[in-house]
Each structure stands twice: as structure tokens, then as C-alpha cells.
Amino acid sequence: MKKPILIISLALMLPGLVRAQEAFNSLSIGLEVGTTGIGVELAMPLVTDHLVLKGGLTAPSLSIPYSTTVDASGFNGMLDDVNSQLAASGVPDRIYSDFGNIGVDASAVLNLSSAKLLLEYYPFKKSSFHLVAGAYFGMGTGNLVSLRAQSDTRFLSDLNGLRAELDAINEKYASDPGYESIGFPEPAFNLCGTSYGIGEDEGRAVLAADISVAKVRPYFGIGVGRSAPKGHVGFQFEIGAWYHGRPSVVSEYALAEYNPDAPGIEFDERIFDYLSFYPNISLRLIYRIF
């Protein structure tokens, strides 16, 4: 009795074992170029040739430099406030210097380094059209974009000179009855309702911020071409998008209080609600190892 049952069980399992053997008898490597960066990936059929599991890495980061000149009228407005306070205190001294236009070198770095684990589904046996689902995993801090701007050396030199002028006036009248020392307002920059202070690095004023998104980014896409080609070489084209959540601006230079008089860029923060997805358009060259 046991022998017929064993034979029947093996007969039922045999097709599945054969298919499983066929499913894992292929391994391919792909080189990718696209909006998610330059990458490499490995792919193998899973359970059936209709399903392909693949994983990979994408890099490097993309840096976009930019140079411009910034009108210093907003910073000169701070000096007008200082002179108004000096006039109100009854002293005759004023600060007559001001800022010239400011040369700024800026850069935006798109941090594309990520790992990915994806599953492809080929619904049609004779077609290479497929659906892709899975996730990308951001490497490092999870910041998608890093922004940095630094002034020319003249701006910081002028700023320190004006601070020294005000310090000298405060020291000159410190012993006068009723005179209260006047503080030099710290330059700031406004972005989306937040004021950011300015740091110093090698004689330049520096402002930096990151656009932070989720590290785990679910992905969905469609494509043509096989990750496990029938021959040794194949091509694949894919479009899709990952979801990284609502971006947020993070900076060590953010100030606790908003300065409405500081220069800056203001726009409706609701635009971030429409920036929760990052598009992928990619082309791959694939080589079937075995």
C-alpha cells in the first residue's frame, strides 16, 4: 500500500521539481543607464519563466553646479535698521559702508545611490512585455537632493568689517548713561516660511540644506525586453516611478525664529505634495551568464 502511494506522490511532485529546476537554471547580468543613475543588476527566473527576480545597485550621484550674482539690497536693509537704532539712541555715529553685489557658487547634488529588489511578471509567453514591482532602498542618509551655496570671500570680509564698525561704536559709547549696546543682525535666508542662518567655511559664507525622503521607496513600472534573455545578449527598456513620500527640507542652519526681513525664495509648500514620486526611464544591456 505504501509503495503505490509513494509512486503517486513522486509522480505528482515531478512536474513541479522539473519546473523548479528549469526556473533556476539561468542567471543574467545587466548594465543600466537611466534617470535613477548608472547601475548593475543580477536576474534569475523564479518558480516559472513568467516570474523573474532581480536585484541591483545604482549610482553615482549627479552634481549640477551653478554660479550667479545676488543683489545685496536685502542685506543692506539690515544696516538701515542698525543706523535707525543708532539714531534713536542719540549718538551721532553711523555705519556708512554697505554690501556690494554678492558672487555665489551653488550646487545641487542628486543622490542616486540605491539598492533595489524587484520582481518582473511576463503575462504573455511569446511577448517580452512585463510588469515590474518591488522597492528601491536609498543608501546613506536618505537625502535625495543636497543643496549648497557659498559666497565669494568679499562678502564675508565686508560682513566682518561691518561687525567690527558696530563693535567699535558700542565700545565708544558703552560708558554713556542710557546707551544700550546694539547687536549686529545676523544675515539670514528665507525658504518656504523658514529662516536659515549662514555659516562660515574657508573665508566664505555658506548655506546648505538637504531634501530628505523615505529610504524605502516602493516601485512599479512596465517594460519590454527580458532580464533573462533567450540568447546570450538582450536589451530592455523600462519606465516607472518609485514613491518616496512627501519631501522635507532639513538643514543644520535652520533658525528657531522666522525673519520676515531676510531675503529669500518663497513658494507654496503644497508643491511638495506633488513631488512624492521619482520617475525612472532606463535602458539596459543584458548578458546571460548561463
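**Note on a predicted barrel structure**

1. I222 stands opposite I239, a residue of strand β14. The strand that pairs with β14 (residues 233-243) here is β13 (residues 216-224), and the two run in the antiparallel sense, joined over six bridges. The model is a predicted one, and every point below should be read with that in mind.

2. The pairing of β13 with β14 belongs to a wider arrangement, namely a closed barrel of eight strands in the order β1-β2-β3-β6-β7-β13-β14-β17, with antiparallel pairing. From one strand to the next, the twist averages 25°.

3. Salt bridges deserve a careful look, and a search of the whole structure finds 13 of them. One of the pairs is K116 with E41, whose side chains meet at 2.8 Å, taken from N to O. This pair links distant parts of the chain, since K116 sits in strand β6 (residues 114-121) and E41 in strand β2 (residues 37-46), 75 residues apart. Are these two charged side chains buried or exposed? K116 has a relative accessible area of 5%, and because buried means under 20%, K116 is counted as buried; E41, at 3% relative accessibility, is buried as well.

4. Strand β6 also carries E120, which forms a salt bridge with K54 of strand β3, the closest N and O atoms being 2.7 Å apart. The two residues are 66 residues apart, so that this pair, too, links distant parts of the chain. Both E120 and K54 are buried.

5. The pairs of the two preceding points are part of something wider, for E41, K116, K54 and E120 are linked in a network of salt bridges that also includes E32, E238 and R284. A reader new to the structure may find it useful to display these seven side chains together: E32, E41, K54, K116, E120, E238 and R284.

6. A further salt bridge joins D273 and R246, with 2.6 Å from N to O. D273 lies in the loop between β16 (264-265) and β17 (277-288), while R246 lies in the loop between β14 and β15 (248-250), so the pair ties together parts that are 27 residues apart in sequence. Here the side chains belong to partly exposed residues: the relative accessible area is 44% for D273 and 42% for R246.

7. How many cavities of 30 Å³ or more does the model contain? The count comes to one, and the volume of the largest cavity is about 60 Å³. Its lining is made up of D49, H50, Y122, F124, K125, R226 and K230. Sorted by class, the lining has two nonpolar residues, one polar residue and four charged residues.

8. Two places in the backbone call for a check by eye. Most residues other than glycine have a negative phi, and most peptide bonds are trans. Between A59 and P60, however, the peptide bond is cis, with omega at about -5°, and P60 is placed in the loop between β3 (48-59) and β4 (62-70). The other place is E202, a residue other than glycine with a positive phi, near 50°. E202 is found in the loop between β11 (199-201) and β12 (204-212), where the residue is exposed, with a relative accessible area of 74%.

Technical notes:
Residues numbered from 1 in each chain as written. Predicted model: local features only at pLDDT ≥ 70, side-chain atom pairs only at ≥ 80, totals over all residues. Heavy atoms only, no water. Helix = DSSP H or I, 4+ residues; strand = E, 2+ residues; numbered from the N terminus. Buried < 20%, exposed > 50% of the residue type's maximum accessible area, 1.4 Å probe, protein only. 1 Å grid on protein atoms, 1.4 Å probe; cavity = no way out; pocket = protein on both sides within 12 Å on 5 of 7 lines; lining within 4 Å. Points joined across faces, edges and corners; volume = space filled by probe spheres on them. Nonpolar A, V, L, I, M, F, W, Y, C, P; charged D, E, K, R; others polar. Pairing = 2+ DSSP bridges. Axes fitted to C-alpha atoms, helices over the stretch in contact; angles between N-to-C directions. Salt bridge = Lys/Arg side-chain N within 4 Å of Asp/Glu carboxyl O.
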